[in-house]
Amino acid sequence: MNKTYLITGATSDIGYELIQTLNKNNAKFLLQGLSGLEKLKIFCKENNVDAEFFDVNLSSDEETDNFVEKLKEYSPTHFIHLPALRVINTKFKNFDEERFLMDINVQIMSAIKICKVIMPKMAKSKYGRILFMATSYVLSNPPKNTAAYIMSKNALVGLMKSLATDYAPNGVTVNSVSPSMIETKFLEETSHIIVESAAASHPMKRNATVKDVVPAMAFLLSDEASYITGVNLPITGGSIIE
């Protein structure tokens with residue numbers, strides 16, 4: 001079976017690594033991004049990636065709805081959902097409701113709308129893989145001043161578990177991964193003191209890299225993982241052991 005990978009948030013560092021890892025056996029990619037999409041196009045051309053690109057702001061209801069309407073023309077076999085607003089550490093008394101609702105649109109509402117369109121097709125064909133990007137913060141006591149991020153990620157894990165239950169009889173698996181801190185451009189607005197402290201306190205004395213995380217993601221997207229669904233996989237290097 002030829003694979004078609006729909007990746008939202010494809011311009012992220014994880015997105016790039018996933019594309020490189022999954023680009024084999026005539027795979028096709030449907031890649032959504034916002035900033036950095038032109039750079040991604042160049043990368044795909046240089047690496048012979050068969051891809052279509054969608055410049056979509058997932059915080060916008062209108063743009064997301066238009067994107068979802070376009071997706072009705074396709075039948076992706078895999079959906080990997082990566083986007084999130086960057087973590088901003090702020091005291092709860094300064095909770096930014098408007099930004100939180102934007103993140104809910106980016107992480108949750110877009111996933112719901114996309115899944116409503118693509119999952120019935122997957123169920124009909126008796127094959128599909130869905131994978132969400134969560135965080136190790138949902139596995140134990142979260143760090144202080146991250147309420148908005150934690151709530152969004154917990155909602156995403158809840159959606160994953162519900163969809164896994166609903167679609168298990170149809171050969172469609174739905175999972176998520178929960179990595180500890182990954183050193184990517186996602187951390188650009190995070191204090192270097194927080195990043196360095198996380199590495200120093202980690203059992204392996206370092207933060208994760210995309211190459212630590214993507215192989216596990218690729219396995220959950222593989223045919224070999226057909227009996228694994230409803231799992232939120234920790235990728236923590238021993239910082240959290242369940």
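## A guided tour from Glu-242 inward

Begin by selecting Glu-242, which touches Leu-139 and Pro-234, leaving aside residues up to four places away in sequence, where contact means heavy atoms within 4.5 Å. The model on screen is predicted, so local features need pLDDT of at least 70 and side-chain atom pairs count only at pLDDT 80 or more, while totals for chains, interfaces and linings use all residues. Residues are numbered from 1 along each chain as its sequence is written, and side-chain values use heavy atoms, with hydrogens and water left out.

Glu-242 lies in the segment after β7; helices (H or I, at least four residues) and strands (E, at least two) are DSSP runs, numbered from the N terminus. At 70% relative accessibility Glu-242 counts as exposed, on a scale where buried means under 20% relative accessible area, exposed over 50%, and partly exposed in between, with a 1.4 Å probe and protein chains only. Now add Ser-140 to the selection: Glu-242 and Ser-140 are 102 residues apart in sequence, yet 9.5 Å apart in space, C-alpha to C-alpha.

Next, select β7, residues 232–235, together with β6, residues 172–179. Four bridges join these two strands, which run parallel, and two strands count as paired if DSSP finds at least two bridges between them. Within this pair, Ser-178 has Pro-234 in β7 as its bridge partner.

Stay on β6 and colour its residues by burial. Eight of the eight residues of β6 are buried, so the strand is largely enclosed by the rest of the structure. On one side are Val-172, Val-174, Ser-176 and Ser-178, and on the other Thr-173, Asn-175, Val-177 and Pro-179, so that both faces are covered. In a regular strand the side chains alternate between the two faces of the sheet.

Now bring in β5, which is joined to β6 by six bridges and runs parallel to it; here Met-133 stands opposite Val-177 in β6. The chain passes from β5 through α5 to β6 in a right-handed β-α-β crossover, meaning that, with the strands pointing away from the viewer, the path from the first strand over the helix to the second runs clockwise.

What holds the most contacts inside the largest nonpolar core? Select Ile-118, Met-119, Ile-130, Phe-132 and Val-174, which have the most contacts within this core of 39 residues; a nonpolar core is a set of buried Ala, Val, Leu, Ile, Met, Phe, Trp, Tyr and Cys residues joined through side-chain atoms within 4.5 Å. The elements that give two or more residues to the core are α3 (61–71), α4 (97–125), β5 (128–133), α5 (147–167) and β6 (172–179), and α4 gives the most, with twelve residues. Ile-118 itself touches Leu-6, Pro-76, Phe-79 and Ile-130, again not counting residues up to four places away in sequence. A second, separate core of 33 residues includes Ala-51, Leu-131, Met-133 and Val-214.

Turn then to α3, where Thr-64, Phe-67, Val-68 and Leu-71 are buried. Seen down the axis of α3, the buried residues fall within an arc of 100 degrees, so they line one face of the helix; the arc is that of the directions from the helix axis to the C-beta atoms. Among what covers these buried residues are β1 (4–8), β2 (28–33), β3 (50–55) and α4.

As a last stop, select β2 and β3, which run parallel and are joined by six bridges, with Phe-54 in β3 as the bridge partner of Gln-32. Adding helix α2 (residues 37–46) completes a right-handed β-α-β unit with these two strands.
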